[in-house]
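Open the model in your viewer and get ready to select parts by residue number. We will make a few short stops.

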Amino acid sequence: MDNVSPLTGGPIELLRTVSVEHLSSLYRRSLNFDLRPFFDVEAVHLFRCLDTGYEFFAPGDCAGSPEFYKELYENAEWAYQETKWEYGVAASFLKKDGRILDVGSGAGQFLASVQATERVGLETNYQGREATPAGIVGLDETVEIHAASKSNYYDVVTAIQVLEHIYDVRSFLESCCTLLRPGGTLVLSVPNNEGFVGAQELPLNMPPHHMGRWTRSSLSAIAPLLKLELIRVEFEPLQEKNLGWYKSWIEQEYLANSRIAKSLFHRLGFSDGLQRWLEANRSTIMGHTVLAAFTKPKDIVA
């Protein structure tokens with residue numbers, strides 16, 4: 001196992017070791033999913049990159065295989081969503097006469113929502129690619145392969161909820177930059193691990209589904225590493241569809257060790273009060289996602 005950061009090649013520190021037995025239990029209880037056929041290691045290790053704060057799991061070869069995603073996403077309604085908060089933010093960087101590449105495009109939902117001269121999606125999971133709408137080019141290629149033939153080509157490159165699945169993030173990001181024309185924009189959105197997502201032990205935020213955990217600071221650190229200019233970092237407000245999830249996390253976080261406190265919390269109406277407060281204030285609460293946008297300087301080619 002490598003003892004350096006996959007983002008910088010620099011020093012790391014070990015944060016935690018998780019047994020496959022524990023991981024399997026999490027997937028089974030939460031998702032009714034049998035993890036063992038897709039894993040041939042006994043444990044995974046969570047490290048932190050000391051240069052950037054980026055957290056990642058190793059070994060890298062425990063990242064989800066195509067077979068894993070086929071099985072996991074077979075009947076998962078959450079896998080390919082028609083709308084996401086970041087679609088609107090990412091679309092704001094695109095002009096109608098521009099070229100856009102969406103890496104990990106799923107069934108083309110984001111690309112279908114924008115107007116552009118050329119809309120191309122890269123998707124290696126056939127379950128998403130087969131449903132790509134007319135007018136969108138869907139390719140079964142990795143970003144590294146695509147970059148070999150399309151350098152300095154796209155006005156906007158997006159990776160929406162993709163980077164967290166990748167172990168070799170430096171190669172992925174460098175290829176995204178190669179694909180951008182000078183002056184083009186790279187948009188990355190990932191789960192926000194400064195918020196309630198990172199505060200929980202969620203199976204989908206662990207291998208083989210997720211290999212990395214990102215925050216505002218670690219996303220921002222991408223800019224100097226790849227000689228990009230950071231334009232914006234923006235947090236998704238808590239969405240209505242996630243209110244129940246957020247409320248359950250708060251109750252679990254503060255009431256988990258006391259049956260009496262749980263009982264009083266509900267009997268005295270505090271649970272309903274919390275629900276109303278969250279509904280009224282969700283626009284000020286950090287939600288599921290953090291987005292970062294970068295510009296490739298005009299004097300950089302390839």
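Select helix 10 and helix 12. Helix 10 passes helix 12 in a right-handed crossing. This is a predicted model. To find the pair, pick residues 243-255 for helix 10 and residues 270-281 for helix 12.

Two packed helices are described by the angle between their axes and the distance between the axes. Here the axes come within 11 Å and cross at roughly 130 degrees. Angles over 145 degrees would count as roughly antiparallel, and 65 to 115 as roughly perpendicular. Helix 10 and helix 12 are therefore oblique to each other.

Now show side chains. Which residues of helix 10 meet helix 12? Look for Leu243, Tyr246, Lys247, Ile250 and Glu251. Across from them, helix 12 offers Ser271, Leu274, Gln275, Leu278 and Glu279. Sort this contact by class: five residues are nonpolar, two are polar and three are charged.

Next stop: the sheet. Select strands 1, 2, 3 and 9. They form an open sheet in the order 1-2-3-9, and the pairing is antiparallel. Which strands stand at the edges? Strand 1 (12-19) and strand 9 (212-213) do. Each has a single partner strand, so one side of each is left without a neighbour in the sheet.

Zoom in on strand 2 (residues 43-49) and strand 3 (residues 55-58). Four bridges join this antiparallel pair. Click leucine 46, then find its bridge partner in strand 3, phenylalanine 57.

Last, add helix 1, residues 20-31. Helix 1 packs on the sheet and touches strand 1 and strand 2. The direction of helix 1 makes about 65 degrees with that of strand 1.

Definitions and conventions. Residues are numbered from 1 along each chain as its sequence is written. This is a predicted model: local features need pLDDT of at least 70, side-chain atom pairs count only at pLDDT 80 or more; totals for chains, interfaces and linings use all residues. Side-chain values use heavy atoms; hydrogens and water are left out. Axes are lines fitted to C-alpha atoms, for helices over the stretch in contact, and angles run from 0 to 180 degrees between N-to-C directions. Helices (H or I, at least four residues) and strands (E, at least two) are DSSP runs, numbered from the N terminus. Angles under 35 degrees count as roughly parallel, over 145 as roughly antiparallel, 65 to 115 as roughly perpendicular and the rest as oblique. A crossing is left-handed if the near helix is turned anticlockwise from the far one by less than a right angle, and right-handed if clockwise. Contact means heavy atoms within 4.5 Å. Ala, Val, Leu, Ile, Met, Phe, Trp, Tyr, Cys and Pro count as nonpolar, Asp, Glu, Lys and Arg as charged, and the others, Gly among them, as polar. Two strands pair if DSSP finds at least two bridges between them.
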